Amino acid sequence: MMLQATLSTLVPAARRESLAAAVRVRTSCRAFANAPTPQEVAALAYHAGRYALPGAFLTLLDVPEDAFTNITGCRKAAAVCLQGDSWLHRLNAGAIGEAFVLEATAMGLGTCWVGGSFRREALKSRIPQGMSLLCVIAVGRPCIPLTPPPTRPRMSPEQLCRGRWRQWPEELIRAATLVQQAPSGMNQQPWTLEVTPNGEFAVQSPVASALDAGIAILHAELALITPHTWRFSDAPDAPLAVAQPRG
Ligand SMILES: Cc1cc2nc3c(=O)[nH]c(=O)nc-3n(C[C@H](O)[C@H](O)[C@H](O)COP(=O)(O)O)c2cc1C
């Protein structure tokens with residue numbers, strides 16, 4: 001079992017509402033009209049540097065036009081890098097990458113997490129020494145301005161939440177609503193949510209999906225206003241992550 005205080009302080013309190021609002025308009029963008037402006041690049045570089053957790057880092061890259069196999073017009077990306085590969089580092093990578101995605105979304109930029117459909121060899125040599133490239137996040141001015149999608153193919157609340165979720169505290173229902181909209185590789189949504197008898201918010205997910213779980217946890221984190229500490233475990237009979245109220 002591991003405790004981590006840094007995740008609950010990752011997103012500054014003043015940014016939580018803007019990032020929660022960005023969740024509503026974010027969808028994966030695969031057609032970009034332009035690269036971000038120099039001012040936007042400066043802001044993105046700030047966020048890439050600011051959002052870091054143990055073992056997981058972001059670095060902003062110029063990318064060649066043919067870097068992606070299914071994305072057009074993208075010339076900038078955040079490389080999601082690991083220092084040592086443990087499942088907890090991958091979970092952290094999901095959380096920091098999604099914080100970056102939502103900051104970019106709040107700026108009106110399009111983003112797409114890309115784990116498979118990119119030319120890894122073309123980008124590998126551009127990341128800092130001693131780090132490995134987990135995946136990338138394409139970013140730029142979208143061809144179609146961001147608007148909330150009319151529908152999202154996602155699990156229903158009954159599929160996502162175990163137990164009597166309608167009776168959960170409002171804060172935890174909001175956390176579940178934000179998790180429901182989270183992106184995941186091939187939209188697999190490899191998570192379920194539960195509230196333990198002690199009132200802890202638990203995220204169940206296979207360890208193999210730690211990156212996706214980190215994304216979901218970042219979304220939940222935006223709603224968790226009660227001071228808490230995240231507890232992580234890869235034991236087969238325990239939830240992957242639990243937000244444990246403090247005090
Ligand atoms: C870790 C991760 C890896 C992904 N890899 C790819 C990819 O290689 N190519 C791609 O087109 N989309 C990729 N996606 C985007 C997902 O397909 C997308 O998030 C999901 O279908 C939900 O759609 P939405 O993001 O529009 O809500 C990835 C998403 C995540 C979170």
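Colleague: What makes you say that Gly 115 has a polar contact with the ligand?

Modeller: In this predicted model, a polar backbone atom of Gly 115 sits 2.9 Å from a nitrogen atom of the ligand. The cut-off is N or O atoms within 3.5 Å, so the pair counts as a polar contact.

Colleague: Which side chains do the same with an oxygen atom of the ligand?

Modeller: Ser 28 has a polar side-chain atom 2.6 Å from a ligand oxygen, and for Asn 70 a side-chain N or O atom is 2.7 Å from one. Both values are within 3.5 Å, so they pass too.

Colleague: How much of the ligand does the protein cover?

Modeller: On its own the ligand has 630 Å² of accessible area, and the protein covers 83% of that. Around it are 21 residues, with Ser 28, Arg 30, Asn 70, Ser 117 and Arg 154 the closest.

Colleague: Over to the helices. Why are H1 and H3 called roughly perpendicular?

Modeller: Helix H1 (residues 16-25) packs on helix H3 (residues 87-106) at about 80 degrees, with the axes 8 Å apart. That label covers 65 to 115 degrees, so the pair qualifies.

Colleague: What residues meet there?

Modeller: From H1 come Leu 19, Ala 22, Val 23 and Val 25, and from H3 come Ala 99, Leu 102, Glu 103, Thr 105 and Ala 106. By class, that contact has 7 nonpolar, 1 polar and 1 charged residues.

Colleague: And what does Val 41 touch, leaving out residues up to four places away in sequence?

Modeller: Val 41, in helix H2, touches Pro 36, Leu 60 and Lys 76. Its C-alpha is also 9.4 Å from that of Gly 140, 99 residues apart in sequence.

Conventions
Residues are numbered from 1 along each chain as its sequence is written. This is a predicted model: local features need pLDDT of at least 70, side-chain atom pairs count only at pLDDT 80 or more; totals for chains, interfaces and linings use all residues. Side-chain values use heavy atoms; hydrogens and water are left out. Axes are lines fitted to C-alpha atoms, for helices over the stretch in contact, and angles run from 0 to 180 degrees between N-to-C directions. Helices (H or I, at least four residues) and strands (E, at least two) are DSSP runs, numbered from the N terminus. Angles under 35 degrees count as roughly parallel, over 145 as roughly antiparallel, 65 to 115 as roughly perpendicular and the rest as oblique. Contact means heavy atoms within 4.5 Å. Ala, Val, Leu, Ile, Met, Phe, Trp, Tyr, Cys and Pro count as nonpolar, Asp, Glu, Lys and Arg as charged, and the others, Gly among them, as polar. A residue is near a molecule or strand if one of its heavy atoms lies within 4 Å of it. A polar contact is a pair of N or O atoms within 3.5 Å; within protein, one must be able to donate a hydrogen and the other to accept it, and residues adjacent in sequence count only if both atoms are side-chain atoms. Accessible areas come from the Shrake-Rupley method with a 1.4 Å probe; for residues, only the protein chains shown count as cover.
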